Amino acid sequence: MKRDYLLFILFALLVYAVPTFFKGGYLLNVLVFMGINTMLAVALNLLLGFAGQISLGHASFFGLGAYCSGILTATYGFNPWLTMVIAAAGVGLLAFGLGFPILKLKGHYLAMATLGFGIIVYIVLNETVALTGGPSGLSGIPNLKIGTLLFDGDLKNYYLIWTFALVTMLLSINLAHSRIGRALRAIHDSEVASRVMGVNARLLKVQIFSLSAVISAVAGGLYAHTMSFISPASFGFNFSVELVTMVVIGGLGSIFGSFLGAALLTILPELLRVVQDYDIVVYGLLLIVMTMYMPKGLAGGVAACWRLLRSKKVKAVENAQG
Amino acid sequence: MLRVEGVTQIFGGLTALEDVSFRVGKGAITGVIGPNGAGKTTLFNIITGLYTQTGGKVFLEEADISGFPPERLAPRGLVRTFQNIEMFHQMTVLENVLVGLHSRSRSGILSCLLKLPRQLAEERRMREEAHTWLEFCGIADLGGVEAGALPFGKCRLVEIARAMAVNPRILLMDEPAAGLNSRETADLELLIRKIRDMGVTVVLVEHDMELVMDICDAIVVLNLGKKLAEGTPRQIQENPDVIKAYLGEG
């Protein structure tokens with residue numbers, strides 16, 4: 001437990017130190033995306049890694065958050081911070097209402113139901129042209145502002161988004177080490193036994209589903225206000241699957257793992273530009289190899305390497321002494 | 001303490017339990033026995049809210065708890081263990097026991113997210129209490145071990161520690177001695193007595209007749225979904241119907 005917080009502090013320092021090395025430009029822009037993806041992966045991990053409930057429609061909560069914030073500011077001139085709160089609350093309520101019927105389902109059936117919801121949202125975003133601008137997107141979304149500080153450049157956005165991402169991570173670590181976090185993992189391992197212990201599994205699953213949706217909606221709002229332009233293509237089925245991949249590759253139930261997964265999947269497409277048209281093949285192969293050799297994800301892999309290094313060091317010391 | 005009244009369970013066309021009634025005395029150890037397929041586990045599943053019975057009622061200290069889901073029974077002090085051990089295998093032993101304390105702790109999602117001082121104080125209290133239950137079951141040294149890595153016999157003890165953390169008034173144990181060697185069974189017997197001496201009413205389904213006859217104050221015998229007999233271990237051992245059901249007719 002203490003290790004998690006220590007790691008978090010080091011990580012936060014690192015995050016805030018990074019811009020001293022890259023003052024701007026393309027890489028910083030990629031890191032902004034990485035921050036948003038980290039938020040989304042951590043949010044999905046609460047549901048998938050902790051409670052063990054799949055969602056193949058999480059991009060839709062991200063999209064609803066982005067569009068709610070985008071439309072209210074660009075079309076109706078609301079204050080961006082206010083719209084983010086409205087978007088988070090609205091999406092949270094929607095997820096709460098949706099969660100009761102669909103979280104009764106398990107495994108493949110839950111996957112299908114959330115998939116269906118994601119597709120419905122995607123179609124609605126495309127078809128309600130008058131409201132959303134349809135497939136050609138919605139533009140003119142204002143940047144966030146604190147006093148006279150307007151978040152309009154990559155550097156400012158980097159600090160803004162990573163602050164949100166770090167807060168998300170910290171809160172999730174808190175949750176993981178609490179009775180709620182344990183109850184969620186208990187549901188994951190044996191729902192029957194968790195209920196016998198007095199855990200209201202059904203309600204808790206719905207609550208965590210909503211919390212996860214709220215965080216995704218906030219990430220959506222941040223995305224909209226940073227990009228100033230959004231279109232439905234960013235919130236489709238593909239992105240939902242990518243989010244699940246981030247969580248699984250990173251390590252189920254590991255908050256830092258979610259960051260690693262998000263980081264890898266954000267950077268990988270950029271790195272793979274060198275192999276040009278074959279990028280998707282290499283991408284797929286890498287994911288297959290990683291799931292085969294790191295069943296506990298990147299977080300598990302890093303932990304295993306760390307243990308190996310330490311035991312080698314201990315042995316080296318013993319040899320030197322012996 | 002616990003009263004089962006005319007409980008009937010029909011699965012499709014199969015009658016698993018038919019009009020079963022009995023009482024469990026407060027502070028006693030009651031055994032439910034019967035040949036395979038007698039309906040013992042079905043009865044347990046009904047009492048503990050995993051199944052909803054086709055007919056009949058269950059009362060806990062005169063309160064009708066028929067059809068209550070398990071998560072509502074835990075706060076009322078009714079807890080069970082499982083025949084096939086339902087461990088939270090990816091969690092440590094201590095965390096398993098901490099889940100047992102869930103219904104007696106209050107911090108909501110928000111205070112857990114924000115780590116409010118009240119939640120921290122509660123967490124500290126919970127950990128202390130969880131340790132006392134590990135000690136109670138003689139597994140204090142295993143707190144940090146991942147539950148999935150434990151041998152079978154230890155899993156039983158973790159399950160009991162976890163159930164005791166719920167602070168039960170009545171504990172139902174489904175075949176607690178199954179898969180245990182004779183030494184582990186002897187330890188289990190001591191532990192069950194210790195639990196009874198704390199004032200917890202114990203009901204157990206068990207196939208180990210030696211254990212049942214040894215520790216039970218009362219026994220209920222089921223056969224083919226019906227209650228065959230009820231009485232003290234001595235009465236049951238001498239009951240001709242029971243002998244016939246177990247050994248067949250001569």
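Q: Why is Asn157(A) called buried?
A: Asn157(A) has a relative accessible area of 3%, and buried means under 20%, with exposed over 50% and partly exposed in between (1.4 Å probe, protein chains only). So Asn157(A) falls on the buried side. Keep in mind that this is a predicted model, where local features need pLDDT of at least 70 and side-chain atom pairs count only at pLDDT 80 or more, while totals for chains, interfaces and linings use all residues. Residues are numbered from 1 along each chain as its sequence is written, chains are lettered from A and ligands numbered from 1 in the order in which they are written, and side-chain values use heavy atoms, leaving out hydrogens and water.

Q: Where is Asn157(A) found, and what does Asn157(A) touch?
A: Asn157(A) belongs to helix α7 (residues 154–176) of chain A. Helices here are DSSP runs of H or I with at least four residues, strands are runs of E with at least two, and both are numbered from the N terminus. Not counting residues up to four places away in sequence, Asn157(A) touches Val32(A), Phe151(A), Asp152(A) and Thr226(A), where contact means heavy atoms within 4.5 Å.

Q: How do you know whether Gly70(A) is buried or exposed?
A: Gly70(A) comes out at 0% relative accessibility, so buried is the verdict. This glycine is part of helix α3 (residues 58–74) of chain A. Gly70(A) and His225(A) are 155 residues apart in sequence, yet their C-alpha atoms are 7.3 Å apart in space.

Q: What makes helix α1 of chain B largely enclosed?
A: Seven of its eight residues (the helix spans 40–47) are buried, so the rest of the structure largely encloses it. Among the buried ones are Lys40(B), Leu43(B), Phe44(B) and Ile47(B). After α1(B) comes Gly49(B), with a positive phi near 85 degrees.

Q: What makes the phi of Ser228(A) worth pointing out?
A: Most residues other than glycine have a negative phi. Ser228(A) isn't a glycine, and its phi is positive, near 65 degrees. You'll find Ser228(A) in the loop between α10 (201–227) and α11 (237–250) of chain A. Asp19(B) is another non-glycine with a positive phi, near 50 degrees, but Asp19(B) is in strand β2 (residues 14–24) of chain B. At 54% relative accessibility, Asp19(B) counts as exposed.

Q: Why is the pair Arg185(A) and Glu95(B) called a salt bridge?
A: The closest N and O atoms of Arg185(A) and Glu95(B) are 3.1 Å apart. A salt bridge needs a side-chain nitrogen of Lys or Arg within 4 Å of a carboxyl oxygen of Asp or Glu, so the pair qualifies. Arg185(A) lies in helix α8 (residues 179–189) of chain A and Glu95(B) in helix α3 of chain B, so this pair joins two chains. Glu95(B) counts as buried, at 15% relative accessibility.

Q: How many salt bridges cross the interface of chain B and chain A?
A: The rule finds three. One of them pairs Arg195(A) with Glu71(B), N to O at 2.8 Å. The interface takes 37 residues from chain B and 27 residues from chain A, and the two chains bury about 2,900 Å² between them, 63% of it on carbon and sulfur atoms. That buried area is the accessible area (1.4 Å probe) that two parts lose on being put together, summed over both.

Q: Which class is Arg127(B), and which is its salt-bridge partner Glu123(B), by accessibility?
A: Arg127(B) is partly exposed at 27% relative accessibility, whereas Glu123(B), at 7%, is buried. Their side chains meet at 3.2 Å, N to O. Both lie in helix α5 of chain B, four residues apart, about one turn of the helix.

Q: What does Glu206(B) lack, given that Glu206(B) is buried?
A: A salt bridge: the nearest side chain of opposite charge, Arg156(B), is 7.2 Å away. Charge here counts Lys and Arg as positive and Asp and Glu as negative, leaving out His and the chain ends. The Glu206(B) side chain does reach the backbone nitrogen of Ala177(B) at 2.9 Å and that of Asp208(B) at 3.0 Å. Glu206(B) is in the loop between β8 (201–205) and α8 (209–215) of chain B.

Methods: Polar contact = N/O pair within 3.5 Å; in protein donor to acceptor, adjacent residues only side chain to side chain.
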